Amino acid sequence: MNTTERKIVTVVQVRRGSSRLPDKVFRPLSGKSLFVRQVERILQSKLCGQVVVATTTNAADDLVWEVCQQEGLECFRGHDQDLLDRHYQAALKYGADTVIKIPGDCPLIDPAVIDQVIAFYLENADKYDFVSNLHPATFPDGNDVEIMSLGVMEEAWKYAGRAFEREHTTPYIWERPERYSIGNVVMDGGLDYSMTHRLTIDYEEDYQFIKAVWEELYPVNPLFGVNDILALLERRPEIYNINRSLAGVNWYRNHLGEAGRRWMGSRRGLPRVMSKRIRVR
C-alpha cells in the first residue's frame, strides 16, 4: 500500500444548526467542544491525510471557524444545505485526489476503524470506485467512513440532482452499483452492532450517553476504541440504556420513497446496494 503519491483529504462536516439538538457540536467533553474532540480522534488515524473541518458561511458558524483557529484545525466554509458542494469544494481547495467523508456527529469514532476502511480502499483502488463501512453497516452507529477518488466525487457533484443526494453527499454514488464499483468493510466474525449500539449524536439522550462513555474511558485511555466501548457497556448496562430506545434511528428512513428501486430494504428496513462486501481481518 503506497500512500506517498496520494493526497488524501478527510473532510468533517460541522455546523451549529440542528433541528433535533441545536448546537450539538459545541456540547462539552472534558472541557472542549464535541466536534473538536472528534477531530482529535480522527487525527490519531495513521492514514487520514489532511483533516479539514467543513462548516458553512452562515454567521452562526463563525464560532466554528474561530474555534478551529484556536485549536489549530484547518477549516473550510461553504454551502449550508448542499453538503455535496461543500465537501467537493473543500477537497478541491486542499488539492485532494482521494477524498474521505466523516460526518461531524461521530465523537466516539474509532481511529482504528478509520484506518481499516482507508487501508482497504488503498489496497483495492483498482477494483473499487467507492468504499465505506455502511453498505451494509455492521459497526456501531457513529463509526461512519466513506472514501472515493476526487473524480468520482466530481461526477456526483456534477450530476446529483435530488435534494437528499446533495444534502447527504454520497447517495448518488452508492445507489448506482451499475455505474460504480462499491466495496464495503464489515466487522470481524460476522458481528453486527449497527442497529443495537448508537454512538452518534442527534438527541439529548445521545449526548448523555456519549458523555457517560467519555467520562468512563477517556481518563484511562484517550484513544479508547470500539471494543473498549462495547466492553464498558457490557459491564455497565445502565450506560447502554441511556439511549437504547434510539438504536437504529437514522436519516435513511426519511428518504426510502425518494430513492425508488435503487434502495432495496433489508430485513431491518435499511437501504442496500448490490455490491461486493468484503470482510477485513
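These legends go with several close-up views of one predicted model.

**Figure 1. The whole chain, for getting your bearings.**
Start with the big picture before zooming in. The chain's secondary structure adds up to eleven helices and ten strands. Of its 281 residues, 58% are buried. About 12,100 Å² of the chain is exposed, and carbon and sulfur atoms provide 48% of that area. Now take the contacts between residues at least 6 apart in sequence: 70% of them link residues at least 24 apart.

**Figure 2. Helix α1, a helix wrapped up by the rest of the structure.**
This view picks out helix α1, residues 34-42. Eight of its nine residues are buried, so the helix is largely enclosed by the rest of the structure. Here are the buried ones to look for: Leu34, Phe35, Val36, Arg37, Gln38, Val39, Arg41 and Ile42.

**Figure 3. Helix α3 and what packs around it.**
Helix α3 covers residues 83-93. Why can we call α3 largely enclosed? Eight of its eleven residues are buried, so the rest of the structure largely encloses it. The buried residues are Leu83, Leu84, Asp85, Arg86, His87, Tyr88, Ala90 and Ala91. What do they pack against? Their partners include four strands that you can find by number: β1 (8-13), β4 (50-56), β5 (74-78) and β6 (98-103). Helices α5 and α6 are also packed against them. Just past the end of α3 sits glycine 95, with a positive phi of about 70 degrees.

**Figure 4. Helices α3 and α5 crossing.**
To describe two packed helices, you give the angle between their axes and the distance between those axes. In this pair, the axes of α3 and α5 (residues 150-159) come within 10 Å and cross at roughly 145 degrees. The crossing is left-handed. On the α3 side, the contact is made by Leu84, Asp85, His87, Tyr88, Gln89, Ala91 and Leu92. From α5 come Leu150, Met153, Glu154, Ala156 and Trp157. Sorted by class, the contact has eight nonpolar, two polar and two charged residues.

**Figure 5. Leucine 92 and leucine 150, a pair across the helices.**
Leucine 92 belongs to helix α3. Is leucine 92 buried or partly exposed? With a relative accessibility of 40%, leucine 92 counts as partly exposed. Its C-alpha atom is 8.2 Å from that of leucine 150, although the two residues are 58 residues apart along the chain.

**Figure 6. Glutamate 165, a buried residue in helix α6.**
Look for glutamate 165 in helix α6, which runs over residues 163-167. Its relative accessibility is 1%, so glutamate 165 counts as buried. Which side chain does it meet in a polar contact of 2.8 Å? That partner is the side chain of arginine 162. Skipping residues up to four places away in sequence, glutamate 165 also touches Leu84, Ala160, Thr170, Pro171, Tyr172, Glu175 and Arg176.

**Figure 7. Threonine 55 and its neighbours.**
Threonine 55 is part of strand β4. Its relative accessible area is 0%, so threonine 55 is buried. Which residues does it contact, leaving aside neighbours within four places in sequence? The list is Val14, Arg15, Asp61, Val64, Cys75, Phe76, Arg77, Gly78 and Arg86.

**Figure 8. Three loops with unusual backbone angles.**
Most residues other than glycine have a negative phi, and most peptide bonds are trans. Here are some spots that break those habits.

- Aspartate 23 is not a glycine, yet its phi is positive, at about 60 degrees. You'll find aspartate 23 in the loop between β1 and β2 (28-29). At 26% relative accessibility, aspartate 23 counts as partly exposed.
- Threonine 169 isn't a glycine either, and its phi is positive too, near 75 degrees. This residue lies in the loop between α6 and α7 (171-174). With 0% relative accessibility, threonine 169 counts as buried.
- Histidine 135 and proline 136 are joined by a cis peptide bond, with omega at about 5 degrees. Proline 136 is in the loop between β7 (130-132) and β8 (146-149).

Definitions and conventions. Residues numbered from 1 in each chain as written. Predicted model: local features only at pLDDT ≥ 70, side-chain atom pairs only at ≥ 80, totals over all residues. Heavy atoms only, no water. Axes fitted to C-alpha atoms, helices over the stretch in contact; angles between N-to-C directions. Helix = DSSP H or I, 4+ residues; strand = E, 2+ residues; numbered from the N terminus. Left-handed = near helix turned anticlockwise from the far one by under 90°. Contact = heavy atoms within 4.5 Å. Nonpolar A, V, L, I, M, F, W, Y, C, P; charged D, E, K, R; others polar. Buried < 20%, exposed > 50% of the residue type's maximum accessible area, 1.4 Å probe, protein only. Areas by Shrake-Rupley, 256 points an atom, 1.4 Å probe, with all protein chains shown as cover. Polar contact = N/O pair within 3.5 Å; in protein donor to acceptor, adjacent residues only side chain to side chain.
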